[in-house]
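The following exercises concern strand pairing and the contact between chains. Each task is followed by a solution in steps.

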Amino acid sequence: MLARECIVSAPGKVILHGEHAVVHGKMALAVSLNLRTYLRIQPGSEGRVSVNMPNIDTFLSWDVSSLHTQLPASRAGLQSAVEPDPAVVQKLREYAGLVDGLADTRSLAVLTFLYIYLSVFAESRELPSLTMVVWSELPTGAGLGSSAAFSVCLSAALLACRGAITCPAVEAGQTARWSDDELELINKWAFQGEKIIHGNPSGVDNAVGTWGGALRYHSGKTKPLSSTPVLRILLTNTRVPRSTKVLVAGVRDKMTKFPAIMNPVLESIDAISCECERTLMEMASRPEIQHYRVLEELIDINQHHLNVMGVGHPSLDRLCQVSLAHGLHSKLTGAGGGGCGITLLTPDTDSLEVERSIQELKDCGYDCWETSIGAPGVLHHSSSSLKEDVLKVLNGY
Amino acid sequence: QMALAVSLNLRTYLRIQPGSEGRVSVNMPNIDTFLSWDVSSLHTQLPASRAGLQSAVEPDPAVVQKLREYAGLVDGLADTRSLAVLTFLYIYLSVFAESRELPSLTMVVWSELPTGAGLGSSAAFSVCLSAALLACRGAITCPAVEAGQTARWSDDELELINKWAFQGEKIIHGNPSGVDNAVGTWGGALRYHSGKTKPLSSTPVLRILLTNTRVPRSTKVLVAGVRDKMTKFPAIMNPVLESIDAISCECERTLMEMASRPEIQHYRVLEELIDINQHHLNVMGVGHPSLDRLCQVSLAHGLHSKLTGAGGGGCGITLLTPDTDSLEVERSIQELKDCGYDCWETSIGAPGVLHHSSSSLKEDVLKVLNCN
């Protein structure tokens, strides 16, 4: 059933506005981040399934016959993607030799692969032999949706192998998208993967990874924005570790202590997300330089509010200062307290200033990428559409 | 929305002494102004005001104009010297309008306050003038002071001083809010809302650093900028104003608790309120790189700061707390001065207008008063 290779990619995600406020019932805007995870599946050596994930130094393989012993992994059919059964997941853990309770990246990635592979092929005549390579541009554990990008790629590639979705025709040097119905199915399965990795995920990350563009998230419901411009940004990782749990609790404490001061701040953030959504929609049809000025202003205001909420950090202040010295506007994205920040690049941004910013941010000890947001979701690639460095990695396995 | 104004313990000092026969002399070394007039010549300017001592009626523009000409002040010029001279003449002539003769006196004024920095220097001057001249006139007492001490006037007397100080402010500013002279008269803290002022019954005295970035700015432009931002993004900005109002309320509550029994936890709250408000002021667009620098430098020494007044440069206040290390304070002051800013260690919530015995004055102040 696996005639030839299938190459897919999915974007990461950043929160554009509304982080932390969303916990308190306000609206947030999540957008796809064009640092992508690439996955290639090829027909494998007879009777073996191999998984290669060089980012996380993981190279494993199993006998197909041995994998058979783990069926059925899931009772559901392909279309319904039922909740992962904890007993099944536990059994898979033991099978894969993963230490009980360990939640490191490798264990979770392997577990997710096995779960989805076994579930997708549960009712087919035989488990296919395949070799899979995964290569990601996304740092892990930085709140950038790397696990969801992985789950989306896995789901798309395995469902396509299974024939549950097509493998959309791609011309040389091009990429292709799946239909909306097919994306729905990919997303359902990616969400299951996320549940294995995160336990109780919001579903935003996999939705963004699947559909790309921008997505509004409010009270547990997600709604894609009909059209979004692609915006150039710098994505900076201060690499300052932090606990999302602690930061969220800190915000809650501050709200309890000063409700009359803090509640209006949440309201203001909600209004910022609305204004941003409005602006993005105008930009999608006819972008003007004035729109960028508005986006910059919204970024600055929101960054102040996030500091008011207590999720700032000196490293983030530094990030904002350095970029501002070059005329660029930045805000933290995600949990705060360190972690990542986004910097908006505009049509009238001087490329020399961008270079200097990147260099100065790196000199601060941060990682910094020039990339974009609002990029496409999961894509099917022709091998010639891949960047040289990505193709090199994939071809190494 | 509500605002909290507090007295700043950088003070303006004024001494009146009986003068040379038939002359009125005014010495204001801060602004390099040394003038004097013949009492007989001043008589020609009466009546300056038609009101009695108690009613302190609005300054009549025609009278003020005539005084300007008399004092040789260039028409329309609103420099500090002109306004100070004008205010002195107006209050002097009005206070003594119905007395038998205009007194000869020598007046010296010395201020620790920078002018034009939004710190109430003009009001402090008007309050001093009013208190001193009303006391000379006998309209209020000259409260007895023991050596090395100061004395306050009664509430009724403070009311009268404030009324006259407000007239002085009108001459200087045209349409003042009245907050500056109220704070200058009563001291402590004052809540200001919808044009009404209400003194806080009791306020602690808090140590602060007062820093002047000396970056010039136009209050008018800044106020207009805020209005524009509010018009552009009402749903984003209105909640920010609400939040600031809640900060003022929380601060008022905290100050009142501190007045009876201050605890270190109160200071932590004040610091948090300062930080939040400073962010909101930046959101409103009245921040400035010099103010960011001020906040950063102080924070590096564990101290919390915010702009005070119009923003866009100008002044900032830094809270000092009982657990503030004095070495860190010294270092902060030095670093702020190294930035090119002026920086004073002083306090807020200090007493309003006071009557001093000469031995209660600081040495440097006494020196200036004695030399002029």
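Two strands are taken to pair if DSSP finds at least two bridges between them. The model examined here is predicted.

**Exercise 1.** Determine the strand order of the open four-stranded sheet in chain B and identify its edge strands.

*Solution.*
1. In chain B the order is 10-11-9-12, with antiparallel pairing.
2. Strand 10 (304-308) and strand 12 (342-348) of chain B each pair on one side only, and are therefore the edge strands.
3. From one strand to the next, the twist averages 30°.

**Exercise 2.** Describe how strand 9 of chain B is joined to strand 12 of chain B, and state which helix lies across strand 9.

*Solution.*
1. Strand 9 (residues 206-212) and strand 12 of chain B run antiparallel and are joined by seven bridges.
2. Within this pairing, Trp344(B) of strand 12 stands opposite Leu210(B).
3. Helix 9 (residues 264-283) of chain B lies across strands 9, 10 and 11 (315-319) of that chain, at about 45° to strand 10.

**Exercise 3.** Characterise the contact between chain A and chain B.

*Solution.*
1. Chain A contributes 21 residues and chain B contributes 21 residues.
2. About 1900 Å² is buried between the chains, 69% of it from carbon and sulfur atoms.
3. On the side of chain A, Phe258(A), Ile261(A) and His304(A) lose the most area to chain B, together 29% of what that side buries.
4. Four salt bridges are counted between the chains; in one of them, Lys257(A) and Glu272(B) have their closest N and O atoms 2.8 Å apart.
5. Helix 8 of chain A gives the most to the side touching chain B, with nine residues.

Conventions
Residues numbered from 1 in each chain as written. Chains lettered and ligands numbered in written order. Predicted model: local features only at pLDDT ≥ 70, side-chain atom pairs only at ≥ 80, totals over all residues. Heavy atoms only, no water. Helix = DSSP H or I, 4+ residues; strand = E, 2+ residues; numbered from the N terminus. Axes fitted to C-alpha atoms, helices over the stretch in contact; angles between N-to-C directions. Contact = heavy atoms within 4.5 Å. Buried area = accessible area lost by both parts, 1.4 Å probe. Salt bridge = Lys/Arg side-chain N within 4 Å of Asp/Glu carboxyl O.
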